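Visitor: I am new to reading protein models, and I would like to go through one slowly. Could you show it to me?

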Amino acid sequence: MELMEGRRFRRQPRTRTQTLLPLRSTRLSNTISCWYCDYKISRFNESIYQFGQKHARYLRVWFAVGVGFSLSLLFGVTTILIWELVATLCLTDGSDKISDIFSSLILGINPSGFGLMMPLTDVVCLLVSTVISVAVHEFGHAAAAASEGIQMEYIAIFLAVLFPGALVALNYDLLQAKPRSTALRIYCAGVWHNAVVCAACGLALLLLPLILSPFYIHGKGPMVIGISESSPVSSYLSPGDVIVSLDGIKIHNTQDWIEMAISVEKQMLLSSDPTINKRTYCVPSSLLEKSETALLTNNQSACPDEHYAFVSVPCFGSSYSSGKDAHDFQRINNNRYCLGSGDIARLKSCGRLWTTSDNSCICSEGELCLAPVQMPGIVWVEVMYKSPYSHQCKDLEKNPSAKSADFGDPCYKTFLFVGDMISMARSVRMTSFQPRFASLFGAYLPDAVEKIFACTFQVSVALAILNSLPVYCLDGESILEASLYYITGLTPGRRKLLLQAFLFGGSIISCLVFLRIFLIKF
């Protein structure tokens, strides 16, 4: 969701705008037209003005620091725009990393996970974060003006065409009578406050595990708090389950879950032999006798539903592979079988594949080493999880002596997933926090808090960058205009011409850069 900040200060006290921006009207009139509508609020005027006047000395120092930050950000964003323009015109290569960083900061999302559908909880978090970020931004302008003795006229929430936003209206004549440094502090206050919000949210996210440690465990495995009905693992996982490992690799948090899914997907794509999966199983002959013969045509399996094609592979040290070479098995072996993923999920692995110098096969007599036939876009991965809220696990906690040596710990279960790993990982909603006390509902609280902090961070970053762009109708225009007055060698005419050149060029370049980002990422 993009948010456009409107102009907050009237440049010329024209008569025709007096009805839209009344200076001392006791009753504000809202504006409604074909392309613009707003809602004006003035109930906070007096309280903000008193706050600014009471702490004026400290606020001026605070916002003076913000001027340095905002000017540095304006210079940095302008440099990135020029770099991206050069890349857009195909004059140089290698700006993909900068484009990824810039787009992720502006958009606040991972382009690879972009979709038209968002969970309701994510929409609520985004709306709350947007309100917080915009309110802090506008409060910065109002407080900076109040510290300089300028009372705001109103706060307006508007919709221009399809772009929502907010603005603070100030007395333009009184602002013009102030020194240029005063105007610059007011103009930079919004960007500075968004930067402070980013720092506060980042620190809160960093300290959140410590803050919630009396009530929650962090980093001991992600807990499932929601799963889509269309998810391919909805028949296995349920809210309250904790992911333990993927392919034997320990999963500590939600970030590990996503990163491991991407890693497994990449390993499949980079496999030296895309037709044979490197995962192997020692399949007993009794199971092979019940299996169906698989027919393969154009890399498509003719196995029935919930069954997948397997091929026998060399397992050195096994009675099935004595005296045979690995390449001979790949070339002449036509023994293919249809097996269900549930039948082989608990079978042991054969060991390393295609190794003639190491007798690493662990298959015993009467077992055949099989590997899945790799289909395009299909990944095989073993998922181990714990069900702490299941009846078996609760009974085990009450009576530990009831644990069976034959069936192992009933709290831990394993299933074999076959399909698109990244889509599966994203279809499960998880949190890195586990309640210390038996309460499934309590797992939703840290997830909501963490999402609000993360969304507020992203929205504040986007607002700070957008309002630092040298374009029309945003804070960057006002900051650039006030900064040019410090170039004493320019006449008023040349200063105005230079300002228009910067704004026109910045607006065109920004449109081209954003268009390039959307075309590449989406």
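Guide: What follows is a set of questions and answers about helices, cores and loops.

Guide: The model is predicted, so local features need pLDDT of at least 70 and side-chain atom pairs count only at pLDDT 80 or more, while totals for chains, interfaces and linings use all residues. Residues are numbered from 1 along each chain as its sequence is written, and side-chain values use heavy atoms, with hydrogens and water left out.

Visitor: How are α6 and α13 oriented to each other?
Guide: Helices here are DSSP runs of H or I with at least four residues, strands are runs of E with at least two, and both are numbered from the N terminus. The axes of α6 (residues 180-211) and α13 (residues 444-466), being lines fitted to C-alpha atoms over the stretch in contact, come within 8 Å and cross at roughly 150°, on a scale from 0 to 180 degrees between N-to-C directions. Angles under 35 degrees count as roughly parallel, over 145 as roughly antiparallel, 65 to 115 as roughly perpendicular and the rest as oblique. The two helices α6 and α13 are therefore roughly antiparallel.

Visitor: Which class of residue, nonpolar, polar or charged, has 15 members in the contact of α6 with α13?
Guide: Contact means heavy atoms within 4.5 Å, and the residues that make this one include Val 191 and Leu 205 of α6 and Phe 453 and Phe 457 of α13. Ala, Val, Leu, Ile, Met, Phe, Trp, Tyr, Cys and Pro count as nonpolar, Asp, Glu, Lys and Arg as charged, and the others, Gly among them, as polar. Four residues of the contact are polar and one is charged, whereas the class with 15 is nonpolar.

Visitor: How are α4 and α13 oriented to each other?
Guide: The axes of α4 and α13 also come within 8 Å, but here they cross at roughly 50°. Among the residues that meet are Cys 125 and Leu 126 in α4 and Ile 452 and Val 459 in α13, and the contact divides into nine nonpolar, six polar and two charged residues. By their crossing angle, α4 and α13 are therefore oblique.

Visitor: Which helix gives the most residues to the largest nonpolar core?
Guide: A nonpolar core is a set of buried Ala, Val, Leu, Ile, Met, Phe, Trp, Tyr and Cys residues joined through side-chain atoms within 4.5 Å. The largest one has 28 residues, of which Phe 63, Met 152, Leu 170 and Ile 186 touch the most other members. Several elements, including α2 (56-88), β2 (152-160) and α14, each supply at least two residues, but the helix that gives the most, with seven, is α6.

Visitor: How many residues of α14 are buried?
Guide: Buried means under 20% relative accessible area, exposed over 50% and partly exposed in between, with a 1.4 Å probe and protein chains only. Helix α14 spans residues 475-484 and is mostly covered, with Ile 479 and Leu 480 among its buried residues. The count of buried residues in α14 is 10 of 10.

Visitor: What is the phi of Cys 473?
Guide: Most residues other than glycine have a negative phi. Cys 473 sits in the loop between α13 and α14 and is partly exposed, with a relative accessible area of 40%. Although Cys 473 is not a glycine, its phi is positive, at about 70°.
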